[in-house]
Structures are given as C-alpha cells and as structure tokens.
Amino acid sequence: MKAHKKGIVRIVAAALAAASLLFTAACAGGTGSSSASSASTDLKVGLTASPANLDMTQTSGAAIPQALMVNVYEGLVKLKDDGKTIEPLLAKSWTVSEDGLTYTFKLQSGVKFSNGDSFDSSTVKYNLERLNTWKANTPTNLSAIDHVDTPSADEAKVVLKSPDRNVLFWLTGPLGAMFDPKAVDSLKTEAVGTGPFTVKSYAVGSKLSLAQNTSYWGTKPSLKTVELMYYTDTTSCSNALLSGDIDTIYNFTAYDQLDQFKNNDNYRIDVGNAQGILVLAMNSKKAPFDNADLRQAVMYAVDRSKVVDTVLNGYGNVISSPSIPTDAWYKKSDAYAYNQSKAKELVKESGVSNPTINFTVPSLSYAQSISQVVKTQLEAVGFTVNLETQEFPAVWLQNTLTDKNYDMTAILHVEPRNVFNYGNSDYYWNYSNQTVQDAFANAKKSGDDEEFNSYMNQAITQIQKDAPADWLYNPKLLVVTKNNVSGINKNDVGIALDLTGAKRS
C-alpha cells in the first residue's frame, strides 16, 4: 500500500488535522438542522466537516478524531491543552530505556470497553502491531515500532527498531487509539472505546450524539449527553447559536458575523492557539511547478497579510514556514516577504511563457475566499489561473490528496507536526529532498531537545528554499459560546475536541 494513501490531511471543518490527518474550520460544512436537536441534550456544539463515517483507521479527515478521540477512544497517553505536555491516560506511568528503544507502560487497572470487554496489555499489543493496516492518519509516524511485549496484563513494553523522540507524541493522537479487537470489523458504524462517552447515534452530515459512559473507569464527565451538530454554512450555524438551538460554536470562522456575539452579554468569545497551517501546495512533479523559479515566484507574489485580513479578519499569524509559533523549534522568518517585482522577475527567469495554473480548490468557505485573493495576486505577476472547485471531502480527497491530480490547491492542515510530511516523498505535494529526510531522521535519533530542534531547523530551512508550498497563515482558535458553558479547551492541539471537562451551569 502506497504511503500517500496512508496520509492524513486533517482538514478542518472546514478543512481536511491532517492528516497525512486532516483539516478543520468552524461552521462551514455539514447539513445540521436545529430541529434535529433534542431539548434534553446537555450540550450542543456547532461544527463543520462532518465525518464521512466513524473509522479513522481507513478514512482521512480531521472530523473523525475531532469527535471521537479522548471522548470515546483513549490512548496510553494524552496531550494537554498546551500542545506540548504529555500526561498519562490508559497508561498510569511509563519509563524509557537508556538506549531509547524500549518504552515500558504501566497500565491502569480495571479498564473496560463500553461493551464490557477488558482492556489490558494484549490490547496494546494488538493495536500497535496492526498500524500497518491503517490507510489514514499517517501510520508511518509510528513506523519505528517493531513489536510489543506483554510480560503481564498491566505492563506493555513497546520496542522500537530505532530511537524516535516523537513516539510518545504520536501516541497521544489517533494512531495511539485503543480499539476493542472484537469490534474492529465495524469501525465505520460503531465506536467501542474505553472513554467517558459512547456514540449513541450518527446521522451522516447532520448530527453525532454522545452519551455518558456510565461504566467509565475514570472520572465521569459532567455532561450526560452531547450533540455535535454539522452545518452547511456559517450563517445557519451562527443563527443556531443566536436562537439557542446550539450552545457553542467550536472553531468559529464566520468573522464577519462575530460582532453580534461581541456585543451580546449572553455570549463569550475565547481566543486560543491552533495547530493549523494553511498550505498553498504546489505539485512539484507536474508542470508548471516542476520549475523551482515558478514556485518561488508564488511565494513572493502572495500577500499573506492580506489573506489573513481577508479570510481571518486578522485572527491569525502570518507565516512563511511549514512550522507554527507553538512549535518548540519555530523561528520567525522573513523569507519570501511580499514582493511582486521579485515575483515578476522569477516568472521571467523561469523561461516559461504564460505559465498556466489549474488551481483546484475544495468546496470550503475559507478555501474559496483564499482562491480569489491568490488568483488576483498571481495573475498580477504573469500567471494565468484557472479555478476549479472540488466537492470536499469526497472528490478533493480522492482526486487531489490521493491521486495527486492537481497543479495547486489550498487546504488547512490541522494535524500536529505536519512538517514531517515534507520528508515523505509520496505525500500529495510530491516533494523529495534527501537533506530534509536526513535532518528529520537525525532529529528522531537526537539525544536531547536542543539537538532535536537544531535538526528540525535544518530541515525547515531546506524546505523553505525548495518552496514545495506556500504557508500562508496559522489561524487562531475562536470558540463562541453561551456564558453558562465552561470547560471547553481554549487551545486546539489538533487531535480532539475534548469534552471531558465541559460543563454548563
């Protein structure tokens, strides 16, 4: 199975988290209807990018792990709201051998799946040794795992082929999810996990209903029922919040509608950090972008600040790097500052007369807005740009992500550490550089954080030079909610909408 089919382009709801994992954006997709909600539901959350099904092992898209990770499925470890700190979950503790090859996890006792089946070290072994069957969420991120030993029911030893400082991090996400071995044949329609919620029902593209897992092994959540409501456009989503049909909008992107909540004492707007990177990907193996001059011309031609102001109303960080400010190795860069004169020079130097781009844009509101700005700016420096809208997720995921049949596309990657996909030569942007691959390999084997970050910066410097994509912005996370709702994380770590601490008064 080819690696690119295993990639997750978590797209935010408005977007494929990655993945590799996919993307997300708030109320801009889905067909949620306020009449579908039950009046007795404890919390109703407005979202977009509804899951195509419930199987995140075979289906790309951020929407599945967003709904199910932490809430329904749990892993050995969990990533805290800061996006950096790893804490115990199904494992109550762990140790790492001096050679970095063995991770020994002491497991929580008495854990059961929602159907009553037991969780123990054999479950860990089953799940981590079957990652090669996954087609989504970039299973190659845990390719360092060789096997799992089970000296006892409450101890699992994860043995690596070679040291990898990223292993614990990747175990906090979808790849670390623990499934009941007896339930994996029905992952598309049923979700049997060890988490604090169960999936009560799912109407595709409309509503996913969660219910408290009354036999949960840990601290039970405050909420007994939750409905995740999916909407086709930002206006209907905002209206649902104003009318009381939902209680919160997670990842709010209807920036032109924000004032009505700012000026209303019944609502609160929380602004936090997010993992997303808006990637303007260029197919490096296909004309015209097999020409490095033209890729670099795009980098200079696009005014990222204008994109942020137009699309995000200023709620984002302008970047020109495949890394974001919350990454430990991030360095602010002035590379490719907006310069139309430089872009025109590069178009001329490319030797390509009238370079023509087929700009394939997913049917997501933010992507549509970006496409208009980018088209105008690229045509101002000598490109001809043909816009083509593709239905998202079905058509875009197949034609662009999987088949790589595109010249340029725009998508918000929300999966954590998406930068590592530039070391995967089979990923959809068709980029390959041995210097980058070696730097990533050395980072994984590094002995401390300083060395790790140094190698990461080497890789990023080379990626920027090669310009396989333009990185336009890192959006802020906006959560607009009723004042009687609390406990929803203010920062998006790119893995889940964690509802375990959510409350309403």
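## A buried tryptophan

At 0% relative accessibility, W429 counts as buried (buried is under 20% relative accessible area, exposed over 50%, partly exposed in between, with a 1.4 Å probe and protein chains only). W429 sits in the loop between β17 (408–413) and α11. Helices here are DSSP runs of H or I with at least four residues, strands are runs of E with at least two, and both are numbered from the N terminus. W429 and P163 are 266 residues apart in sequence. In space, their C-alpha atoms are 28 Å apart.

## Basis of the model

This is a predicted model: local features need pLDDT of at least 70, side-chain atom pairs count only at pLDDT 80 or more, and totals for chains, interfaces and linings use all residues. Residues are numbered from 1 along each chain as its sequence is written, and side-chain values use heavy atoms, with hydrogens and water left out.

## The largest pocket

Rolling a probe the size of a water molecule over the atoms shows where empty space is left. The search runs on a 1 Å grid over the protein atoms alone. A cavity is a set of points where a 1.4 Å probe fits but cannot get out. A pocket is an open set with protein on both sides within 12 Å along at least five of seven lines. Lining residues have an atom within 4 Å of a point. Grid points are joined across faces, edges and corners, and a volume is the space filled by probe spheres set on the points.

How much space lies in the largest pocket? About 650 Å³. The lining has 33 residues, and K84, R165, F169, R417 and D449 are the closest to the pocket centre. Three elements give two or more residues to this lining: α3 (167–171), α11 (434–445) and α12 (449–466). By class, the lining divides into 12 nonpolar, 10 polar and 11 charged residues. Nonpolar covers Ala, Val, Leu, Ile, Met, Phe, Trp, Tyr, Cys and Pro; charged covers Asp, Glu, Lys and Arg; the others, Gly among them, are polar.

## The second largest cavity

The second largest cavity holds about 70 Å³ of space. Its lining includes Q275, I277, P322, S323, I324 and D327. H413, E415, R417, N418 and V419 also line this cavity. The class split is 4 nonpolar, 4 polar and 3 charged. R417 appears in this lining and is also among the residues closest to the centre of the largest pocket.

## Helix pairs

α11 and α12 pack at an angle of about 165 degrees, with axes 8 Å apart. That makes α11 roughly antiparallel to α12. Their crossing is left-handed. Axes are lines fitted to C-alpha atoms, for helices over the stretch in contact, and angles run from 0 to 180 degrees between N-to-C directions. Angles over 145 degrees count as roughly antiparallel, under 35 as roughly parallel, 65 to 115 as roughly perpendicular and the rest as oblique. A left-handed crossing has the near helix turned anticlockwise from the far one by less than a right angle; clockwise is right-handed.

α6 and α8 also pack at about 165 degrees, and their axes are 8 Å apart. They are therefore roughly antiparallel to each other. α6 passes α8 in a left-handed crossing.

## Backbone exceptions

Most residues other than glycine have a negative phi, and most peptide bonds are trans. The peptide bond from A287 to P288 is cis, with omega near 10 degrees. P288 lies in the loop between β13 (277–282) and α6 (292–301). Another cis bond joins F392 and P393, with omega about 15 degrees. P393 lies in the loop between β16 (384–390) and α10 (394–402).

N137 has a positive phi, near 65 degrees. Is N137 buried or exposed? At 3% relative accessibility, N137 counts as buried. Its loop runs between α2 (121–128) and β6 (145–152). N354 has a positive phi near 50 degrees. N354 lies between α8 (340–349) and β15 (356–362), and is partly exposed at 47% relative accessible area.

## Two further loop contacts

A62 lies in the loop between β1 (43–47) and α1 (63–68). Its relative accessibility is 2%, which counts as buried. A62 and V414 are 352 residues apart along the chain, and their C-alpha atoms are separated by 7.5 Å.

E129 lies in the loop between α2 and β6. At 33% relative accessibility, E129 counts as partly exposed. E129 and H147 are 18 residues apart in sequence and 6.2 Å apart, C-alpha to C-alpha.
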